[in-house]
Amino acid sequence: MRELLSPAQMSEMERNFFAQTGTKSIDLMERAASEVAKVLIQRFGPDKRVFFACGSGGNGGDGLAAARLYQQAGGKSAILLSRPPRTPDAQENYRRAREAGVGELSPEGSEAPEIWVDALLGIGLSRPVEGMDKALIERMRSDVSARRSRAVVAVDIPSGVDGKTGAVLGCAANADLTVTFQSPKLGHVLGEGIAYTGELLVRDIGIPARFLPDAPRLYTPGDIPRDPFPRVVHKGIRGHVLLVAGSVGMAGAAALAAGAALRSGAGLVTIACPQSIVPILQILEPCAMCAPLPEKDGALAPEALEPLCALFPGKKAIAIGPGISRRCPAQIVEAVLRSDLPAVIDADALNKIALTPSLADLLRPRHILTPHPGEAARLLQRSPGDPFEDASQLGAMGEGCCVVLKGASRVIYSAPEGALSVSATGGSGMAKGGSGDVFTGVLAGFLARGIAQPALACELHGLAGVLAEKKYGNHGMTAQNIVEMLPEAFLRAGEFA
């Protein structure tokens, strides 16, 4: 995991580094440019025709220096300026590039390179993109779309993406690869930024760790715990999950969650469900046990309360919500919250909390809420806004609880310490019905094993989604394929360390 910095934090870190070490800003710029040139050589070769679209500030200075270094390594560099360099470092690197023989082309030309390097605007952008910056961004996008160019490599962040929120300010460069420095930035993984960043490479430019500020952490698949249980172990030691899930017409949600919990390391899973769907579940997920409970209109009935509570002893974790429907009585959710067990609260269990304020008063740090944007809106009683503020507000309910705000990136609030983190592993193929039910099962499986770090479950779920998309394709994969790939995700997590 790494610190996830805002533009202001990155600037402050650099200022402190310069002040305390005497390092000159242009020397740090040279290090950054060297990393960009290395990536170009490693990914595309040292002899390509590369256009460096450069702005007038620090980001443009990085691009100008990288153009010189790439040409000195044997490449064919050309610079295109959206505006004349205005900072001393950018002006000096423009002089050095021209002195080194790097050609300059009109930004209004039509020639296409093999590779574009986007060094126009950087992480400090706070206004809509306009003028020649916008024209060059559109030219880059057009060249790649028409296959006149192979790729766009962004320096630090794709131009037009807000470095703090990930919002697109008018238009943005659609990077295939982004080379950022020292730490990832919030804008890389929040909002639309995750779609425009492409593959993110973080390169060390020599700022010691002591200069890093306190910031949210970005988890990666390399953080997934892979240590096996000792040889002498039995299924009870691995943890027993009680899954309160399912109703007539939504038995699949319960099966997906149960299968995910079993494939996330839990030794036993018992599904507490309406009695009429037990035959379906025992076919769909034969490795899980079922506890048939009284039902009404296809959902759990009030009479299910007492036999449900009798199932709590011996369990290590509970998950409630997948497929229970809004017909499930609020007292079922209340019973889970009043138990002493760590619990995942998802789907219609969240909607019950939104509709019954007294349930929110029962939330504790052992509870993990997993709302998607619609569920978050109902819990917050407003439209979601800044994800960190939303997660913190949800985490303040009751006596404090953990929160996973689901989306393309997941923002996690951990109680009671109030730490914020982000998990950004995943793909658009996961935007299918049932993916959230799978995540509930993964998280419950981790809790049963004693791993109370939701971000790690997010990473396993996201990596399984990535692997499923590679195997079955973006359109063809389903939530069942995510469950299928969970074992492989465990096996391959070490590749990302």
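Where is the place of Arg-147? Let's start there. Arg-147 sits in the loop between helix H5 (131–145) and strand S6 (151–155). Before I go on, please keep in mind that this is a predicted model.

So, what is phi doing at Arg-147? The angle is near 60°, which is a positive value in a residue other than glycine. And is Arg-147 buried or exposed? Exposed, because its relative accessibility is 76% and the cut-off for that word is over 50%.

Now hold that next to Ala-347. Here phi is positive again, about 55°, and again the residue is not a glycine. Ala-347 belongs to helix H12 (residues 347–355). Ala-347 counts as buried, because its relative accessible area is 15% and buried means under 20%.

While we're on backbone angles, have a look at Pro-416. You'll find Pro-416 in the loop between strand S19 (410–414) and strand S20 (419–423). The peptide bond that joins Ala-415 to Pro-416 is cis, with omega at about 5°.

Okay, on to the helices. Let me take H2 by itself before we pack anything against it. H2 has 20 residues. From the first C-alpha to the last, H2 reaches 28 Å, close to the 28 Å expected at 1.5 Å a residue. Buried residues in H2 include Ile-26, Leu-28, Met-29, Ala-32 and Ala-33. Further along H2, Val-36, Ala-37, Val-39, Leu-40 and Phe-44 are among the buried ones too. After H2 comes Gly-45, with a positive phi near 105°.

Next, who meets whom? Helix H4 (residues 88–99) is the one to watch, and I'll bring H2 (residues 25–44) up to it. The axes of H2 and H4 come within 10 Å and cross at roughly 55°. What do we call that arrangement? H2 and H4 are oblique to each other, because 55° is neither under 35 degrees nor in the 65 to 115 range. H2 passes H4 in a right-handed crossing. On the H2 side, the residues in this meeting are Ser-25, Ile-26, Met-29 and Glu-30. On the H4 side, they are Asp-89, Glu-92, Asn-93 and Arg-96. Sort the residues of that contact by class and you get two nonpolar, two polar and four charged.

Now the other partner, helix H3 (residues 58–72). H3 and H4 pack at an angle of about 20°, with their axes 8 Å apart. H3 and H4 are therefore roughly parallel to each other. The crossing of H3 and H4 is left-handed. From H3, Gly-61, Leu-64, Ala-65 and Arg-68 take part, and they meet Ala-90, Asn-93, Tyr-94, Arg-96 and Ala-97 in H4. By class, this contact has five nonpolar, two polar and two charged residues. If you want to follow one residue through both stories, pick Asn-93, which is among the H4 residues that meet H2 and among those that meet H3.

Staying in H4 for a moment, let's visit Gln-91, which is found in that helix. Gln-91 counts as partly exposed, because its relative accessibility is 40%. Leaving aside neighbours within four places in sequence, Gln-91 is in contact with Pro-85 and Arg-86. Gln-91 and Gly-57 are 34 residues apart along the chain, and their C-alpha atoms are separated by 9.0 Å.

For a buried example, try Trp-116, in strand S5 (residues 115–119). How accessible is Trp-116? At 0% relative accessibility, Trp-116 counts as buried. Its contacts beyond four places in sequence include Phe-51, Ala-53, Leu-80, Met-140 and Val-152. Val-152 is a nice one to click on: Trp-116 and Val-152 are 36 residues apart in sequence and 4.7 Å apart in space, C-alpha to C-alpha.

Another strand residue is Glu-3, in strand S1 (residues 2–3). Glu-3 is buried, with a relative accessible area of 17%. Among the residues Glu-3 touches are Ser-183, Pro-184, Leu-212 and Arg-217.

Last stop, helix H16 (residues 435–448). H16 has 14 residues and reaches 20 Å from its first C-alpha to its last, close to the 20 Å expected at 1.5 Å a residue. Of those 14 residues, 13 are buried, so H16 is largely enclosed by the rest of the structure. H16 is followed by Gly-450, where phi is positive, near 85°.

Key. Residues numbered from 1 in each chain as written. Predicted model: local features only at pLDDT ≥ 70, side-chain atom pairs only at ≥ 80, totals over all residues. Heavy atoms only, no water. Axes fitted to C-alpha atoms, helices over the stretch in contact; angles between N-to-C directions. Helix = DSSP H or I, 4+ residues; strand = E, 2+ residues; numbered from the N terminus. Parallel < 35°, antiparallel > 145°, perpendicular 65-115°, else oblique. Left-handed = near helix turned anticlockwise from the far one by under 90°. Contact = heavy atoms within 4.5 Å. Nonpolar A, V, L, I, M, F, W, Y, C, P; charged D, E, K, R; others polar. Expected span 1.5 Å × (residues − 1). Buried < 20%, exposed > 50% of the residue type's maximum accessible area, 1.4 Å probe, protein only.
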